[in-house]
Amino acid sequence: MFIDFEGIDGSGKTTLSNLLAARLSRLGYKVAHAREGGELRSPVARRIRELTRDASLLEMSPRTEFFLNLARDAQQLEEVIAPALARGEVCISDRYLYSQLALTGGGRGLELESLRAPCELASRGLWPDLVILVDVEPELARLRKRLGKSKGERALDNDSRKGLAGAGLAVRMREAFREMARQEPSRWLVIENNDLPLHVLEQRLVDAVVARLEGRDSPSPRPAPAPEPPAPAPVPRSLDEVEEHFFRVMDGLEVREPQLAVWLLGGLPGYGAHQRRLGFVERFPGLTVRSLNGLDDEPAWALRELLAEVVPRDVAASIGTYPSPQARALRERLYEQAPTEVLSGLKRDGSPAAWSLRERALGEGHLADVLCGLAGLDDETAWGVRELGVKRGLYGDVARSLAGLASARADALRESLLGHNRLAVLRSTTGLDTSFARELREALQDKARKVVLRSLTGLDTPEAWALREKGAPLTKEALDSVDGMDDARAWRLREEHVKRWPATVLSSMQGLPLTERAEALILQALEQTGARLPVLHKAYALVAAAHTATPPQERAIPRAHDVDHTQPTL
């Protein structure tokens, strides 16, 4: 039997496919997993995959990508899948040719019918007996992926080619997968991985697969009926109800995915969030302290001090770029154990204390880390370090050091770095309106849409608005770029696209007053999504920030006529 797992990145298909393989083996079946542990079994297929993921290959066309992916799957079929099936084993694949139809047809927008014949050729007529679609909301999948990255080593500018297209690609791929499942219900099994515990999903999966293996259409009846899922919680009808709803949902998440629950506390101010953090300190100290990013209150600093010796790198990362004496003292204390994180926190800091740390780091061979903490500095000492970085071939790090610099000298260096790392150069233009930045965005808008749109953050120019309006129907990063903008065009963009990108629309309102217009958007996003976790999280972040910034006696929500939406909030 040939079983294929499909789904967008971050859906959980790799985890579930490995759990299924292990369970079937324990039940006595001979099982071959073509991508055990997330790694393709064929060495040739692994080499091909490296090409299709390489974000530096910006000129690779969707058709080229498609045929390379077909070659990867064809090799897996020849070398792993077909031999396993010939031996009579159950063969499990984590992605197959359906992924290429979803990516190139649904995601990239090529004509789907024209892709079917090449897929048939690659398959040799061998298609899975069962396709398991692990379906998940794209925003939730993104949160899980970000959590996974946060637990690993630092990885800058590590987008895959799919990632460069923006988050909208996953939305379109999900729609394509769901349509394929709808067209072949006898072959496809849809498993939702939004809000059920992993062990429940695993058991449902095992029951369904064993039923197929035994020639039954459905799993064996259980002695007692499974309990009915709980009724969905009511949607908040006012901002006053948002906090209660959020923490109620977090109670369930803490049981199912405790690490994700910690991660979602990131940057949330207030007593409720802080009490939750304290409950996670012993189990997840690193994640707990990283959830302090963006917080500068007394409880946050007390928790950093408490955990400084336990998880020094996480504490250093949580300090960010705060310039306060307290932050500088803690960086000095943590430097030996966390030089990378400490040096990264020195962006825009030209103080003698900061340069003392950099000089020490240069003497110890941490040039790359020093460069990453030079953003915003335009003095001759900083330029000397950049010249040394170029000589050492640290092109990406040198480009990152140029962030925030709009001078002719900075653009000349960017120009010289384009041949080495275009994406790092593009990222360094975030918020800048120079001729170089405009020309680079124009050249790369269709090749690295996500990075181009994010580089527009805070820009109020005709070129920026044109790119946002073109990108907003395709991907959420167009809304990311209006973060904190209290401009008539920003509000119009939010209102036009709240149905497509509800969580991003809410996150783009961070720092803005909760006017009547803002309240209406928050409640609309909650209503249309049933207050699902990603949107509820963003809504609570807005409410918590507003309550923290406003004394209790002054928390009346301002109305639309009190705020001039045409002026940016500084």
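Reader: Hi! Before we get to the helices, what does buried mean here?
Author: Buried means under 20% relative accessible area, exposed means over 50%, and partly exposed lies in between, with a 1.4 Å probe and protein chains only. This is a predicted model, where local features need pLDDT of at least 70 and side-chain atom pairs count only at pLDDT 80 or more, while totals for chains, interfaces and linings use all residues. Residues are numbered from 1 along each chain as its sequence is written, and side-chain values use heavy atoms, with hydrogens and water left out.

Reader: Great. Which residues are buried in helix α12?
Author: In α12 (residues 271-280), the buried ones are A273, H274, R276, R277 and F280. Helices here are DSSP runs of H or I with at least four residues, numbered from the N terminus.

Reader: Why do they line one face of the helix?
Author: Viewed down the axis of α12, the buried residues fall within an arc of 160°, so they line one face. That arc is taken from the directions from the helix axis to the C-beta atoms. On the other side of α12, Y271 and G279 are exposed.

Reader: And what do the buried residues of α12 pack against?
Author: They pack against α10 (242-256), α11 (258-263), α13 (285-290) and α14 (298-307). Contact means heavy atoms within 4.5 Å.

Reader: Switching topic: how many residues are in the largest nonpolar core?
Author: That core has 147 residues, and M509, I522 and L526 have the most contacts inside it. Helix α31 (residues 533-549) gives the most to this core, with nine residues. A nonpolar core is a set of buried Ala, Val, Leu, Ile, Met, Phe, Trp, Tyr and Cys residues joined through side-chain atoms within 4.5 Å.

Reader: What is M509 in contact with?
Author: Leaving aside neighbours within four places in sequence, M509 is in contact with W491, R494, A518, L521, I522 and L542. Another core, of 17 residues, lies apart from the largest one, and its members include I3, F5, L20 and L130.

Reader: F5, you say. What about S17, which residues does S17 touch?
Author: Not counting residues up to four places away in sequence, S17 touches F5, H33, I92 and D94. S17 sits in helix α1 (residues 13-26), and at 0% relative accessibility S17 counts as buried.

Reader: Last one: how many disulfides does a search of the whole structure find?
Author: Zero, where a disulfide is a pair of cysteine sulfur atoms within 2.5 Å. For C91, the nearest cysteine sulfur is that of C119, 18 Å away.

Reader: Are those two cysteines, C91 and C119, buried or exposed?
Author: C91 counts as buried because its relative accessibility is 0%, and C119 counts as buried at 1%.

Technical notes:
Helix = DSSP H or I, 4+ residues; strand = E, 2+ residues; numbered from the N terminus.
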